[in-house]
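Ready for a few exercises on a fold you haven't met before? Have a go at each task first, then walk through the solution.

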Amino acid sequence: MLRPTKHSHPDRTLINVAYLVLQHIRIIRLVGYSDLRNFVKKKVSGGDIFFLPSLNFLYLLGLIEYRPKIDAVEYVGPNETI
């Protein structure tokens with residue numbers, strides 16, 4: 001769910017999970033996929049459902065890149081995208 005409604009729990013939305021991922025990855029810059037997924041599972045109950053859509057959302061915004069050789073997600077920032 002991208003747009004919360006009055007019935008959605010504020011902590012269980014795609015926007016919140018994307019915010020938590022972005023907040024975590026901006027500090028570390030490069031995080032393993034499974035480590036990041038475990039982080040989201042710990043922070044948000046039912047976060048595993050929103051994990052992949054939140055990564056897709058951040059990728060579409062140009063904030064993250066996936067590195068398949070090392071199976072990690074890297075923060076590239078808003079000004080470093082092509």
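**Exercise 1: the span of a helix**

Task: Check what distance helix α1 (residues 14-28) should span.

Solution: Start with the count, which is 15 residues, and the rise of 1.5 Å a residue. The expected span is 1.5 Å times one less than the number of residues, so α1 should cover 21 Å. Now look at the two end C-alpha atoms: they are 21 Å apart, which agrees.

Before going on, a word on the ground rules. This is a predicted model, where local features need pLDDT of at least 70 and side-chain atom pairs count only at pLDDT 80 or more, while totals for chains, interfaces and linings use all residues. Residues are numbered from 1 along each chain as its sequence is written, and side-chain values use heavy atoms, with hydrogens and water left out.

**Exercise 2: the overall layout**

Task: In what order do the elements of the chain run?

Solution: Helices are DSSP runs of H or I with at least four residues, strands are runs of E with at least two, and both are numbered from the N terminus. The chain has three helices and three strands. Reading from the N terminus, you get α-β-α-α-β-β.

Next comes burial: buried means under 20% relative accessible area, exposed over 50%, and partly exposed in between (1.4 Å probe, protein chains only). By that rule, 37% of the 82 residues are buried.

Finally, take contacts, meaning heavy atoms within 4.5 Å. Among contacts in the chain with a separation of 6 or more, 49% join residues 24 or more positions apart.

**Exercise 3: where α1 packs**

Task: Which elements do the buried residues of α1 pack against?

Solution: First pick out the buried residues of α1, which are Leu14, Asn16, Val17, Ala18, Leu20, Val21, Leu22, His24 and Ile25. Then follow their partners: β1 (30-32), α2 (33-43), α3 (47-60), β2 (64-67) and β3.

**Exercise 4: two helices crossing**

Task: At what angle do the axes of α1 and α3 cross?

Solution: Each axis is a line fitted to C-alpha atoms over the stretch in contact, and angles run from 0 to 180 degrees between N-to-C directions. The two axes come within 9 Å and cross at roughly 70°. That makes α1 roughly perpendicular to α3, a label for angles of 65 to 115 degrees.

Now for the residues that meet. From α1 come Leu14, Val17, Ala18, Val21 and Leu22, and from α3 come Phe50, Phe51, Pro53, Ser54, Leu55, Phe57 and Leu58. By class, this contact has eleven nonpolar, one polar and no charged residues. Here Ala, Val, Leu, Ile, Met, Phe, Trp, Tyr, Cys and Pro count as nonpolar, Asp, Glu, Lys and Arg as charged, and the others, Gly among them, as polar.

To round off α3, its buried residues are Gly47, Phe50, Phe51, Ser54, Leu55 and Leu58. Those buried residues pack against α1, α2, β2 and β3.

**Exercise 5: Leu36 and Tyr75**

Task: Are Leu36 and Tyr75 buried or exposed?

Solution: Take Leu36 in helix α2. Its relative accessible area is 0%, so Leu36 is buried. Leaving out residues up to four places away in sequence, Leu36 touches Val21, His24, Val31, Phe51, Leu55 and Val73.

Tyr75 sits in strand β3 (residues 72-75). With 9% relative accessibility, Tyr75 is buried too. Beyond its neighbours within four places, Tyr75 is in contact with Leu22, Ile25, Arg26, Arg29 and Leu63. Tyr75 and Ile28 are 47 residues apart in sequence, yet their C-alpha atoms are 8.4 Å apart in space.

**Exercise 6: positive phi**

Task: Where are Arg29 and Asp71 found?

Solution: Begin with the general rule: most residues other than glycine have a negative phi. Arg29 has a positive phi, near 75°, and lies in the loop between α1 and β1. Arg29 is partly exposed, at 37% relative accessible area.

Asp71 also has a positive phi, near 50°, and is found in the loop between β2 and β3. Its relative accessible area is 36%, so Asp71 counts as partly exposed.

Note on methods: Angles under 35 degrees count as roughly parallel, over 145 as roughly antiparallel, 65 to 115 as roughly perpendicular and the rest as oblique.
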